[in-house]
Each structure stands twice: as structure tokens, then as C-alpha cells.
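Here are some notes to read alongside the model, for anyone opening it for the first time. Take the points in order and keep the viewer at hand.

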Amino acid sequence: MSDLLDHEHCYRAVAGRDARFDGWFVTAVRTTGIYCRPSCPARTPLARHVSFFSTAAAAQAAGFRACRRCRPDAAPGSPEWDVRADVVARAMRLIADGEVERSGVPGLAARLGYSERQLHRLVVGELGVGPLALARAQRAQTARVLLETTDLPVADVAFAAGFASIRQFNDTVREVFAATPSELRSRRRGTGQSAPGWLTLRLAARPPYAAEEVLLFLGAHAVPGLEEWDGTTFSRVLDLPHGPAVVHLSPAVDGSGVTARIRLTQLRDLGAAVTRCRRMLDLDADPVAVDDVLGSDPALRPLVSAAPGRRVPASPDADELAVRAVLGQQVSVAGARTLTARLLTAAGTPLPEPVGTLTHTFPRAEALADADLTAVGLTGARRRTVHALATALADGAVALGPGAEREEAERSLRALPGIGPWTAALVGLRGLADPDVWLPGDLALRKSLTALGASDSDAARRWRPWSSYAVLHLWALAVPALFTRPLPPSTTDLARSA
């Protein structure tokens, strides 16, 4: 990040109004006291009048308020926190998931295995502000979204955004946006009205972004009762900290991202719901950086040119993905869906009120560890693997949350019976959203590599640091039905790994 925050580099991006850098940093203008995203359409300030910050929280701590015109807090998140694996990146992923609101800075530090003092020093040393300031900036963004897109009473907005009091909420909104909550609401934009109990939000993405393809991939793997795909909208149940939620995801009308309709058990889970949807849809990726690397390889260049900005669809819950990866070993996509649907019925928690065909949350590890899975149709060895995995997740021997240390997660998974390199790698790719994962021995990838004249061992190093995106391009070459058209009634075993 230090290279990116070089003043000359950043100023060139601002002078060119380069939207590719939105979310990477913000531009603070000392003569106006305002901070903006790099692509802000306002007149470009003189270079001597600007400073650059890696986060909105740092700009706010320095006394700047958010621009009302470009709304920098609504930009896609920085892809840096998904790429990096160090403790600051892990902390940022946990903060985005709402860990500070749920357990405070002590809980955040404990999840990362550091003392509060150590964590504060590391985060401040790199970002200029501590975890509390970062969480505060996120609360302010959530509050603005709710004020401008819903009819919720202001008091409900305050607590839904994670504020401890109305006074704290009012003070923060005035400080960050130079407006009262009522003034923000009066400037609301035409977002359309949601049905009672539902929130409608726009989830921004860096272009190019093919929402239809990402949603199709997720829909092709939809498990009845947990997920639903109607050809346009992907829906699923989210298991959030304070209760289940249901989300409907569809391409934004203007083609710039995804529209999310969310029904929450408790409004304070909104931030976690949005963060998990963004991770599932890979909205914070930097497609230009990925395509530059992969497109420079002659073998991948035609694939990248045909599908610029291709993303890696992930899971909103890495524990769930790990269990589904075990169920999907050596079976087709259709077979994996059937087994997972049976497990959902056997051990999942029914929703208080089903939404269409959505009826259950995926079973948590604690419930799954003690569940009777004989009716699911698994072999004895596979049942033992599922139980061993669930037990390890429940007692913390395997940690796969947003702040997980990725290499340690892979090692602990592979130590379990029945989990080999392919399964552990799939958890890293689609559970932990690691951008640099190769799937050793994958059948679909072998087919594509043969067509390209490459080997599996060569590919494991060839496309770093974006191996996960290379995997998606190669899967699309081998199994186009999962990317370009509705899944046919019968899918070959070749598709099982995708």
C-alpha cells in the first residue's frame, strides 16, 4: 500500500478521475475539509492542497468529512484486505463483519491471538487509526444507507447501524457527513420502496463486473431449502450472529453491481449481511490487476479477453463451505446438491417463517457434530469425516472465520481424516476467498490444462498471485454450462469440482 499512497501516483489517479482506484484510498482536500473518492467529478484540487488516506476512518480522524457528491463511503471496499494474509488484513475482515460491535476490541484481539495493545499498535502503525475508529466509520456508512434507502424511524436506524446511543449516532453523523440524520434522509435518492420488512440496497462493484455470471454460478449450486435460483435472482438464507436472514440478489438495473433485498431478524445484523454478500459476490476485487497478470499469459489471454473482470463466487460462511466441500467429493454438482439438501433437513434449523422455498439455515458445527446423518445417504467414511470436521470447527481446532490465518486453516483441515489437498484448497478458494489458490488434481482443470498444453504442477505456480481467478477461467472452459447458460438437467462428473 505504501507505493499506492505515493503522492504523485495518487494525484495522477485523481487528476484522471480513475474509478479503478475508488476504495483503494480517499483524497482529503485541506482547503475544503472534505474527502472524496479518486473519481469524484468535482474540480480537481491543486496537488499542494491534498493528502491521501488509505481509509475513510483515517480521513475522518484527521477532521475531514465525506463528500456529498461522490459519496466515498459508498465505493467498493479495498481489495487489499482480501489479498493480504497478515494480521492487519485479518483484523480488517473481522471489523467489516461486525466483530467490534459484537465483542469489542478485546474480542477482536482475542480472535486474532494478540493483546489489545499489540493489535492497536499494528493497526494504527499502518492505517493511522485504531479498530474503534474503523468500526465507527463503518457504522456511519451503514447509518447513511439506512437513512437514504428506508423509512425506518431514526432511532431504529441508530441501533441497526450499531451505535450505542442516539446521541452517539447524531454526533457521528454530523461529524462525518456535516449533516443531521434528518437532513440526510431529506436528500434521499430514488431507490424505490421495499416491501414491509425488507431492505433494498445497491452493492457497488469495480467494473467490469458480470453479475449475471456470478449469480448463475451460485444458482447452479443452489441447495433446495437453503438457496433458490429463478434464472435472474439468486436467493439464500444467511445465518447471522443475531438470527437468520433471507437475501435476494439480482443484477443492478444500471449494470454497475448487484441489487440486494434483505429481510433480517434483527436490524443490527445489516452490516454483517452486506459484508457477507459482498464476499460471496467478490465485489471488492480489483479486476484490472487480475486481468493484467492473467492476460499477459498467452495461454489464458483469449479466456481473459472473452470474460474480462471474471470473479470468484464464494460462500458467505466458510464453515458451511467446508462441509459442502466434503459432501461434494467425487460426486456431480447435482449429487452434491441432493446430499446437502438431505443434511439440511436432518440437522438444519427451520426458519420461523419460510420465504418461498427457503426453509432452513445451514446447520452450525455444534449441531452437526451430534447429528444423526444416517438418512443423508453418505458412506460410513464420509459420515465420519463430516462429524470430525464439525467437531473440529465447534471446538476451535479448525478456525475458518473472516479473521482466519489461511495457511494454518489449510494445515488443520488436512490433518482431519478424509480431507485431502483438493478439499482443503476448495475451502481456501470459495470459503476463505483467498485469491491465490490452485486446486491440485481437479478433473475439470486437468481437461482445460490439456487443451492449453500446460501441466498441473506448472499451473500451481504459473498464475500467482491470482491463481483462484485462473481456476475460474479454466473451469469456464471445461464446464461452460456453469457460467454461460442454465445448468442442463444432467451434469457430468467432470462438473463436480466446479
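**Notes on the model**

1. Let's start near the beginning of the chain: R17 is found in the loop between α1 (7-15) and β1 (26-29). Have a look at its backbone, since phi of R17 is near 45°, a positive value in a residue that isn't glycine. Do keep in mind that you're looking at a predicted model.

2. Next, the cis peptide bonds. One joins P207 and P208, with omega at about -5°. To find it, go to the loop between β5 (199-204) and α11 (211-220), where P208 has its place.

3. Another cis peptide bond joins R464 and P465, and here omega is about 5°. P465 sits in the loop that runs between α22 (456-462) and α23 (467-478).

4. Now for the helix pairs. How do α4 and α6 pack? Their axes are 10 Å apart and the angle is about 95°, with α6 covering residues 116-127. Angles of 65 to 115 degrees count as roughly perpendicular, so that is the label for α4 relative to α6. On the α4 side the contact uses V87, V88, A91 and M92, and these meet L119, L122, V123, E126 and L127 in α6. Sorted by class, this contact of α4 with α6 has 8 nonpolar residues, no polar ones and 1 charged.

5. Move on to α15 and α16 (residues 333-347), whose axes come within 9 Å and cross at roughly 125°. That angle makes α15 oblique to α16. The crossing of these two helices, α15 and α16, is right-handed. V323, R324 and L327 of α15 make the contact together with L339, T340 and L343 of α16. The residues of this contact between α15 and α16 split into 4 nonpolar, 1 polar and 1 charged.

6. Then there's α19 with α20 (residues 421-431): the axes lie 9 Å apart and the helices pack at an angle of about 145°. The α19 and α20 crossing is right-handed. Which residues meet here, in α19 and α20? From α19 they are E410, L413 and R414, and from α20 they are P421, A424 and V427. By class, the contact of α19 with α20 comes out at 4 nonpolar, no polar and 2 charged residues.

7. On to empty space, beginning with the second largest pocket, which holds about 990 Å³. It is lined by 41 residues, and those closest to its centre are R111, D319, L400, G401 and P402. Several elements each supply at least two residues of this lining: α4 (87-96), α5 (99-112), β7 (234-240), α12 (270-281), α15 (318-327), α17 (365-369), α18 (380-395) and α19 (406-414). You'll recognise α4, α15 and α19 from the helix pairs above. As for class, the lining of the second largest pocket has 19 nonpolar, 5 polar and 17 charged residues.

8. Finally, the cavities. How many are there of 30 Å³ or more? The count comes to 2. The second largest cavity has about 70 Å³ of space. Its lining is made up of L226, R236, V237, L238, D239, L240, R276, P316, D317, E320, T361 and F362. Which element gives the largest share of the lining of the second largest cavity? β7 does, with 5 residues. This strand also supplies at least two residues of the lining of the second largest pocket, so it's a handy landmark for going from one space to the other. By class, the lining of the second largest cavity has 6 nonpolar residues, 1 polar and 5 charged.

Definitions and conventions:
Residues are numbered from 1 along each chain as its sequence is written. This is a predicted model: local features need pLDDT of at least 70, side-chain atom pairs count only at pLDDT 80 or more; totals for chains, interfaces and linings use all residues. Side-chain values use heavy atoms; hydrogens and water are left out. On a 1 Å grid over the protein atoms alone, a cavity is a set of points where a 1.4 Å probe fits but cannot get out, and a pocket is an open set with protein on both sides within 12 Å along at least five of seven lines; lining residues have an atom within 4 Å of a point. Grid points are joined across faces, edges and corners, and a volume is the space filled by probe spheres set on the points. Helices (H or I, at least four residues) and strands (E, at least two) are DSSP runs, numbered from the N terminus. Ala, Val, Leu, Ile, Met, Phe, Trp, Tyr, Cys and Pro count as nonpolar, Asp, Glu, Lys and Arg as charged, and the others, Gly among them, as polar. Axes are lines fitted to C-alpha atoms, for helices over the stretch in contact, and angles run from 0 to 180 degrees between N-to-C directions. Angles under 35 degrees count as roughly parallel, over 145 as roughly antiparallel, 65 to 115 as roughly perpendicular and the rest as oblique. A crossing is left-handed if the near helix is turned anticlockwise from the far one by less than a right angle, and right-handed if clockwise. Contact means heavy atoms within 4.5 Å.
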